[in-house]
Amino acid sequence: MDMLLNPLDRRHRLRDDIPVVPGAFPLVGHLPAIVCDLPRLLRRAERTLGSHFWLDFGPAGHLMTCVDPDAFALLRHKDVSSALIEEIAPELLGGTLVAQDGGAHRQARDAIKAAFLPKGLTQAGIGNLFAPVIQARVQAWRDRGDVTILRETGDLMLKLIFSLMGIPAQDLPGWHRKYRQLLQLIVAPPVDLPGLPLRRGRAARDWIDAQLRQFVRDARAHAARTGLINDMVSAFDRGDDALSDDVLVANIRLLLLAGHDTTASTMAWMVIELARQPGLWDALVEEAQRVGAVPTRHADLAQCPVAEALFRETLRVHPATTLLPRRALQELQLGQRRIPAGTHLCIPLLHFSTSALLHEAPDQFRLARWLQRTEPIRPVDMLQFGTGPHVCIGYHLVWLEMVQFCIALALTMHKAGVRPRLLSAVEKGRRYFPTAHPSMKIRIGFS
């Protein structure tokens with residue numbers, strides 16, 4: 001940790017009477033420690049400075065971070081705004097649901113949310129669309145014998161997302177290339193010159209948006225077709241208030257982004273946990289054999305409690321979204337502190353995922369906490385999907401994808417008489433920001 005902090009910045013400083021974590025570097029602030037070892041940074045800051053402290057996010061500025069459980073309630077607070085997200089990543093998230101509040105957010109969300117509910121996903125045949133794609137990919141892993149797991153789950157998620165859009169197989173390489181360039185906007189320096197990430201990322205975004213506009217036109221021209229994009233366009237057009245196609249295109253692009261990186265990370269961690277805990281694999285195989293086939297409808301997911309528990313516990317222990325930025329619109333009481341209006345806030349989901357105040361034996365990976373529960377799922381249990389007005393619209397889609405993946409993996413590998421095994425170290429090379437994921441180098445063998 002010490003190597004990730006600036007040894008020349010050790011003085012005690014306050015902002016609005018709240019301590020600033022020492023060790024920030026010029027220009028990049030605490031980003032090296034946030035990216036490479038966020039859990040230790042949060043624990044150290046809490047131990048030495050208390051529950052409220054400032055972290056320096058370099059170009060994004062200082063965010064007041066609170067590890068008091070009261071901070072989780074900020075996600076539902078009427079005087080806390082998500083607009084800061086657009087200011088931090090305007091090129092990528094401008095005009096999307098995650099960066100809007102109030103009427104604009106409700107209007108855009110209401111126009112498309114029906115397509116993402118279980119009924120809409122079932123009517124669109126999403127489970128039937130995904131099942132053969134997932135099965136083909138895990139069969140390829142079985143045949144190869146070992147894989148670099150995050151790269152493989154990332155490619156699988158892109159193929160699933162592109163299949164939602166009806167992109168022909170021959171066009172996939174071009175979409176892959178543009179998508180990789182689009183992601184450069186996350187870390188691109190603000191220098192717009194030929195060949196640099198900002199210029200390439202903007203060009204990729206414009207290319208993708210042009211393709212999405214064509215998808216929208218095609219959906220309107222063939223209104224009788226089914227599918228998620230067609231359903232989104234149809235619901236959008238039926239809305240009471242007219243919205244521009246820019247809103248629809250921006251949020252379809254958000255679906256492409258949100259459905260890939262975070263979901264691929266969770267999928268990779270599930271395979272890693274199955275590889276390093278043989279008992280988990282045995283329980284999943286037993287369930288998969290009992291079910292007998294990959295489920296295709298949300299009504300079928302109740303038959304797969306082990307797969308669902310694996311999905312939920314993986315999200316808890318290995319949260320793909322570690323931090324959420326917000327802005328206080330009014331003065332707030334947060335824990336034992338008064339927070340001035342206008343303060344930029346950081347809500348540390350990673351900390352709450354593994355907090356002993358919220359979870360029994362939080363450091364243990366235990367399916368029993370889900371299999372033996374009698375009460376409904378609480379907002380804090382699915383904090384990776386947010387809560388309140390900004391709860392993730394793709395929650396039911398991800399739930400379906402993950403259970404399908406677990407059952408397909410167990411059926412395919414067990415039939416061949418193999419199971420996942422770790423071929424490399426797990427902890428080295430993890431990343432925690434802007435989204436979290438295991439090392440790109442972790443390899444899984446099937447033998």
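This report describes aromatic pairs, charges over rings, and helix packing in one protein chain.

The structure is a predicted model, and the values given here are computed from it.

**Aromatic pairs**

A pair of aromatic rings is described by the distance of the centres and the angle of the planes. In this model the count comes to 9 aromatic pairs. One of them joins W175 and W207, whose ring centres lie 5.1 Å apart with 70 degrees between the planes, an edge-to-face arrangement. Because W175 belongs to helix 8 (residues 172-183) and W207 to helix 9 (residues 197-221), this pair ties together parts of the chain that are 32 residues apart in sequence. As for their surroundings, W175 counts as buried, with a relative accessibility of 4%, whereas W207 is partly exposed at a relative accessible area of 28%.

W175 also pairs with F215: the planes of these two rings stand at 10 degrees and their centres are 5.9 Å apart, so the pair is stacked. This pair, too, links distant parts of the chain, since W175 is in helix 8 and F215 in helix 9, 40 residues apart. Both W175 and F215 are buried. Seen together, F162, W175, W207 and F215 are linked by ring pairs into a cluster.

**Charges over rings**

Two arginines lie over the face of a tryptophan ring, as the table sets out.

| Arginine | Ring | Distance from the ring centre |
|---|---|---|
| R15 | W54 | 4.8 Å |
| R312 | W399 | 5.1 Å |

**Helix 12 and helix 17**

Two packed helices are described by the angle between their axes and the distance between the axes. For helix 12 (residues 261-276) and helix 17 (residues 395-415), the axes come within 11 Å and cross at roughly 35 degrees, and the crossing is right-handed. On the side of helix 12 the contact is made by T263, T266, M267, M270, V271 and L274, while helix 17 contributes V398, E401, M402, F405, C406 and L409. Sorted by class, the residues of this contact are 9 nonpolar, 2 polar and 1 charged.

An α-helix has 3.6 residues a turn, so residues three or four places apart point the same way.

**T266 and T314**

Which residues does T266 touch, leaving aside its neighbours within four places in sequence? T266, found in helix 12, is in contact with F311, T314, L315, A320 and M402 once those neighbours are set aside. T266 is buried, with a relative accessible area of 2%. Its C-alpha lies 13 Å in space from that of A307, and the two residues are 41 apart in sequence.

T314 has its place in helix 14 (residues 305-317), and it counts as buried at 0% relative accessibility. Apart from neighbours within four places in sequence, the residues in contact with T314 are T266, W269, M270, P319 and F365. T266 and M270 are also among the helix 12 residues that make the contact with helix 17.

**Helix 10**

Helix 10 (residues 228-238) has as its buried residues L228, I229, N230, M232, V233, A235 and F236. What do these buried residues pack against? Their partners are helix 4 (102-112), helix 5 (118-123), helix 6 (126-144), helix 7 (149-165), helix 9 and helix 11 (245-258). Helix 9, named here as a partner of helix 10, is also the helix that holds W207 and F215.

Conventions:
Residues are numbered from 1 along each chain as its sequence is written. This is a predicted model: local features need pLDDT of at least 70, side-chain atom pairs count only at pLDDT 80 or more; totals for chains, interfaces and linings use all residues. Side-chain values use heavy atoms; hydrogens and water are left out. Rings of Phe, Tyr and Trp (its six-membered ring) pair if their centres lie within 6.5 Å; planes under 30 degrees apart count as stacked, over 60 as edge-to-face and the rest as tilted. Helices (H or I, at least four residues) and strands (E, at least two) are DSSP runs, numbered from the N terminus. Buried means under 20% relative accessible area, exposed over 50%, partly exposed in between (1.4 Å probe, protein chains only). A charge sits over a ring if NZ of Lys or CZ of Arg is within 6 Å of the ring centre and within 35 degrees of the ring normal. Axes are lines fitted to C-alpha atoms, for helices over the stretch in contact, and angles run from 0 to 180 degrees between N-to-C directions. A crossing is left-handed if the near helix is turned anticlockwise from the far one by less than a right angle, and right-handed if clockwise. Contact means heavy atoms within 4.5 Å. Ala, Val, Leu, Ile, Met, Phe, Trp, Tyr, Cys and Pro count as nonpolar, Asp, Glu, Lys and Arg as charged, and the others, Gly among them, as polar.
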